Amino acid sequence: MRKPFVGGNWKMNLNAAASRTLADDLARAIATDRLDQACDIAIFPPFVYIRHVHNVLRDRSSSVMLGAQDVWPEPSGAFTGEVSAAMLKDCGVSVVLTGHSERRHVIGEGDELINRKTRAALDAGLQVILCIGEKLEERTAGQTDAVNERQLRAGLANVPAGHLNRLTIAYEPVWAIGTGKNATPADAQDAHTKCRAVLASLFGADAAGRIRIQYGGSVKGSNAGELMTQPDIDGGLIGGASLKAEEFLSIVRAAAAAPAKGR
């Protein structure tokens, strides 16, 4: 069965004190309510606060996973401003994001670089959440499925089947991120079903049935329950709502309460 997985992407927000406070509030509530028994949970602070958050999670003996918002594919060298997978692991990181829409469409990363990052992180033993999703003009033009398939196939090119147990996909329609708009549960489920079919064509039906696919895009406590009950939605990658402990926890609770999925 696919255990739900909820990630909180803090993006370029908060300061050191606020990061520690938020991490502590989440770790305490998750332990008290035993939410980690039914749901995997990760938080993704900015690079400069990873150590601060790591120390909080360590001191709480928390099961919350520490994530990084990005990774560079080379192990070392003259790459000013970049951070390698080994450096992240040295700071306590266990999961990284690759291909987030802001990396694709604001920073300008292409499919080939995203694939290199995905493979490097998986090769290093990290978990990876590979993000995919269409822009508004692509959706309007009826290209949602084609864009998702292209990003999946490119992002997962030459990924060994042995790494799939550490892979999660996040479908995040770009037009729904931070806009207050979100795909209907039926729309999200349709996209997830088609993404799983692409995964099946790449790795086989059994492997595809085990890979978790998160939904992201203006998810909040008020709509999380209906989204999380969809048969192919295995949690969420949460942006703005992850900056407020109670709002994020309400999404985690919705994922934890959702019916079991998978084979």
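**Strand β8.** I began with strand β8, residues 235-238, in this predicted model, and looked up how its two faces are covered: G235 and L237 lie on one side, G236 and I238 on the other, and all four are buried. I then checked its pairing and found that strand β1, residues 5-9, runs parallel to β8, with four bridges between them. Two of the positions I noted along this pair are F5, which stands opposite G235 of β8, and G8, whose bridge partner in β8 is I238.

**Strand β1.** Turning to β1 itself, I asked how many of its residues are buried. The lookup returned five of five, so I record the strand as mostly covered, given that buried means under 20% relative accessible area. When I sorted these residues by direction, F5, G7 and N9 pointed one way from β1, while V6 and G8 pointed the other way, and every one of them is buried. I also noted that β1 pairs with β2 in the parallel sense, this time over five bridges, and that G8 stands opposite I43 of β2. G8 therefore appears twice in my notes, as the residue opposite I43 in β2 and as the partner of I238 in β8, in pairings that each rest on at least two bridges between the strands. For the connection between β1 and β2, I found that helix α1, residues 16-33, completes a β-α-β unit with them, and that this unit is right-handed.

**F47.** I next looked at the loop between β2 (40-44) and α2 (50-59), where F47 is found. Is F47 buried, exposed or partly exposed? Its relative accessibility is 35%, which is why I enter F47 as partly exposed, the range for that class lying between 20% and 50%. Setting aside the neighbours of F47 within four places in sequence, I listed its contacts as A68, D70, V83 and L88. I also took the C-alpha to C-alpha distance from F47 to A257, which came out at 32 Å for a separation of 210 residues in sequence.

**Strand β4.** A68, one of the contacts of F47, led me to β4, where the bridge partner of A68 is V96. Strand β3 (residues 65-68) and β4 pair in the parallel sense over two bridges, and the chain passes from β3 through helix α3, residues 85-90, to β4 in a right-handed β-α-β crossover. Both faces of β4, residues 95-98, are covered, with V95 and L97 buried on one side and V96 and T98 buried on the other. I then looked for a further partner of β4 and found strand β5, residues 127-132, which runs parallel to β4 and is joined to it by four bridges; in β5, V96 has V128 as its bridge partner.

**Helices α5 and α7.** Last, I looked up how helix α5 (residues 111-123) packs with helix α7 (residues 144-155), and obtained an angle of about 50 degrees with the axes 8 Å apart. The two helices are therefore oblique to each other. D111, N115 and T118 make the contact from α5, and R150, Q151, A154 and G155 make it from α7. By class, I count one nonpolar, four polar and two charged residues in this contact.

Notes: Residues are numbered from 1 along each chain as its sequence is written. This is a predicted model: local features need pLDDT of at least 70, side-chain atom pairs count only at pLDDT 80 or more; totals for chains, interfaces and linings use all residues. Side-chain values use heavy atoms; hydrogens and water are left out. Axes are lines fitted to C-alpha atoms, for helices over the stretch in contact, and angles run from 0 to 180 degrees between N-to-C directions. Angles under 35 degrees count as roughly parallel, over 145 as roughly antiparallel, 65 to 115 as roughly perpendicular and the rest as oblique. Contact means heavy atoms within 4.5 Å. Ala, Val, Leu, Ile, Met, Phe, Trp, Tyr, Cys and Pro count as nonpolar, Asp, Glu, Lys and Arg as charged, and the others, Gly among them, as polar. Buried means under 20% relative accessible area, exposed over 50%, partly exposed in between (1.4 Å probe, protein chains only). A crossover is right-handed if, with the strands pointing away from the viewer, the path from the first strand over the helix to the second runs clockwise.
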